[in-house]
Amino acid sequence: MNELLWAPRAWVGGRWRERVLLVIDSDGRWASVQPDTPAPESAERLAGPVLPGLVDAHSHAFQRAFAGLAERRDSPHDDFWSWRERMYGVALRITPEQLGDIAQHLYRELLAGGYTQVCEFHYLQHAVDGKPYADPAAMSLALADAATAAGIGLTLLPVLYERAGFSQPALRDGQRRFATSGADVLALQRALHRPLVNAGVAVHSLRAARPESITALAAASEGPLHIHVAEQTAEVDECLAATGCRPIEWLARHAGLDARWQLVHATHSTAEEIDAVAGSGAGVVLCPATEANLGDGLADLPGWLASGAPLSIGSDSQVVRAWPEELRWLEYGQRLSYRQRNVAAAPGDEPASAARLFERVLEGGAAAAGFANWGLQRHARADLLVIDPQDDALLGLPASHLLDGLVFAAPARPFARVLVAGRWRTLRDEAGAARFEATMHALWDAA
Ligand SMILES: [Zn+2]
């Protein structure tokens, strides 16, 4: 039987609509979304305005155990590469059970932060000694079980990771848990079939996979295909030295970019590279809080927006776990750089920075997760966020400016309730939080 929800206001078709009736079908999808409709007797009346959930298009769940633990400088120089050494130290210790506890806690935080789907860029595969687990998919299963328990959608992206650098044929010892061939990645992609879980594939980066392996994996796989690219200027320099091309340029010339491809970070780009990506249909995944935390640099947001390339956002290293704060960082980085305001806005058609960014990542996130339909529309999965109408930060805000206030002038998580596939999800689980806390102690008390 269909279930009926009614919202006083909902974000439908890129704008706020009043008195919206939302009908959930028996598969947990929207059977219909009808604005300007009085509430039927049988409908559940939602307490506040409603937004579609967003896709978190780039997550490394295990790095949640590291958030807040890399904010001190012990040497004259601290950058992405020194952070990575410390991150590897954590990656070398986590067991499948610990990964499950970390991920389940994280996934509830992501739900509370307004994400209803998470794309896991998953490279922590093997046992601590580098040998495969008895079930090679043990770490993938830990992630899938965590997502199922939390009730968030999961797009698992097993990662091709076969060398330490452009001129290094193998991985370093500290990367032994990551080693995969293309065949391993395809097997992991096929390992999991369950509700709310789908799978694509990923390539760690151009430095970490051979060109022929990348081409073969793209040809043999289906679904979204993600890759870290041009996050660091050192990576751009190494790629130029090794191939004669910049990283995005190399992908555009040699990888056969199309709408399956999702370029994660794409921080250091030229105008020609942006044009080439936009022309291919490939998407770009920006991770503003992590890119700020790691000192990566600023992506060319105006260039990417103007190009029309699909854009999405990711929580990546998990220092921030709510999309309003990611969108705020995305815009604020540009304001600080250009010494201008509302850089993401398009005067005339789309004058609101928050609305323009939200609409772009709503659509781009769906592509990153491999979904044709997403948002508050017929046939899309029945996901939504109910904004707390009593949230102190939003009281009295004109309805037309609610999204602006949510992104730029509110604490990060004013969502009172979150629906995924037609079911309300638990945003805070005491037992799960206690297991996460115990895992943190186990990982860090001896450190
Ligand atoms: Zn990443």
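Is His-228 buried or exposed? His-228 is buried, at a relative accessible area of 9%. The views below come from a predicted model.

**View 1. Three histidines donate to the zinc ion.** His-58, His-60 and His-228 are the protein donors, each through NE2. They lie 2.1 to 2.2 Å from the metal. Along the sequence the donor spacing reads H-x1-H-x167-H. His-60 and His-228 link distant parts of the chain, 168 residues apart. His-60 sits in the loop between β6 (54-59) and α1 (80-91). His-228 belongs to strand β11 (residues 225-229). Buried means under 20% relative accessible area. His-60, at 3% relative accessibility, therefore counts as buried. His-228, with its 9%, is buried too.

**View 2. Strand β8 is covered on both faces.** The strand spans residues 153-160, and 8 of its 8 residues are buried. One side carries Gly-153, Thr-155, Leu-157 and Val-159. The other side carries Leu-154, Leu-156, Pro-158 and Leu-160.

**View 3. Strands β7 and β8 run parallel.** Strand β7 covers residues 115-122, and 6 bridges join it to β8. Opposite Thr-155 of β8 stands Cys-119. Between the two strands the chain passes through helix α3 (residues 138-150). This β-α-β crossover is right-handed.

**View 4. Strand β8 also pairs with β9 and β10.** Strand β9 (residues 197-199) joins β8 over 3 bridges, in the parallel sense. Here Thr-155 has Asn-198 of β9 as its bridge partner. Strand β10 (residues 201-203) is joined to β8 by 2 bridges, and this pairing is parallel as well. In β10, Ala-202 is the bridge partner of Val-159. Both Thr-155 and Val-159 are buried, on one side of β8.

**View 5. Phe-80 and Trp-81 meet edge-to-face.** A search of the whole structure finds 15 aromatic pairs, this one among them. The ring centres of Phe-80 and Trp-81 are 4.7 Å apart. Their planes stand at 85 degrees. Phe-80 is buried, with a relative accessible area of 7%. Trp-81 has 24%, so this residue is partly exposed.

**View 6. Phe-371 and Trp-374 form a stacked pair.** Their ring centres lie 5.5 Å apart. Why does the pair count as stacked? The planes are at 15 degrees, and planes under 30 degrees apart count as stacked. Phe-371 is partly exposed, at 24% relative accessibility. Trp-374 is buried, with a relative accessible area of 8%.

**View 7. Five aromatic residues form a cluster.** Ring pairs link Trp-11, Trp-16 and Trp-323 with Phe-358 and Phe-415.

**View 8. Two arginines lie over aromatic rings.** Arg-45 is placed over the face of Trp-6, at 4.8 Å from the ring centre. The charged end of Arg-335 sits over the ring of Phe-408. The distance to the centre of that Phe-408 ring is 5.0 Å.

Definitions and conventions:
Residues are numbered from 1 along each chain as its sequence is written. This is a predicted model: local features need pLDDT of at least 70, side-chain atom pairs count only at pLDDT 80 or more; totals for chains, interfaces and linings use all residues. Side-chain values use heavy atoms; hydrogens and water are left out. Buried means under 20% relative accessible area, exposed over 50%, partly exposed in between (1.4 Å probe, protein chains only). Helices (H or I, at least four residues) and strands (E, at least two) are DSSP runs, numbered from the N terminus. Two strands pair if DSSP finds at least two bridges between them. A crossover is right-handed if, with the strands pointing away from the viewer, the path from the first strand over the helix to the second runs clockwise. Donors are N, O and S atoms within 2.8 Å of the metal (3.2 Å for Na, K and Ca); water is not among the atoms, so sites may look incomplete. Rings of Phe, Tyr and Trp (its six-membered ring) pair if their centres lie within 6.5 Å; planes under 30 degrees apart count as stacked, over 60 as edge-to-face and the rest as tilted. A charge sits over a ring if NZ of Lys or CZ of Arg is within 6 Å of the ring centre and within 35 degrees of the ring normal.
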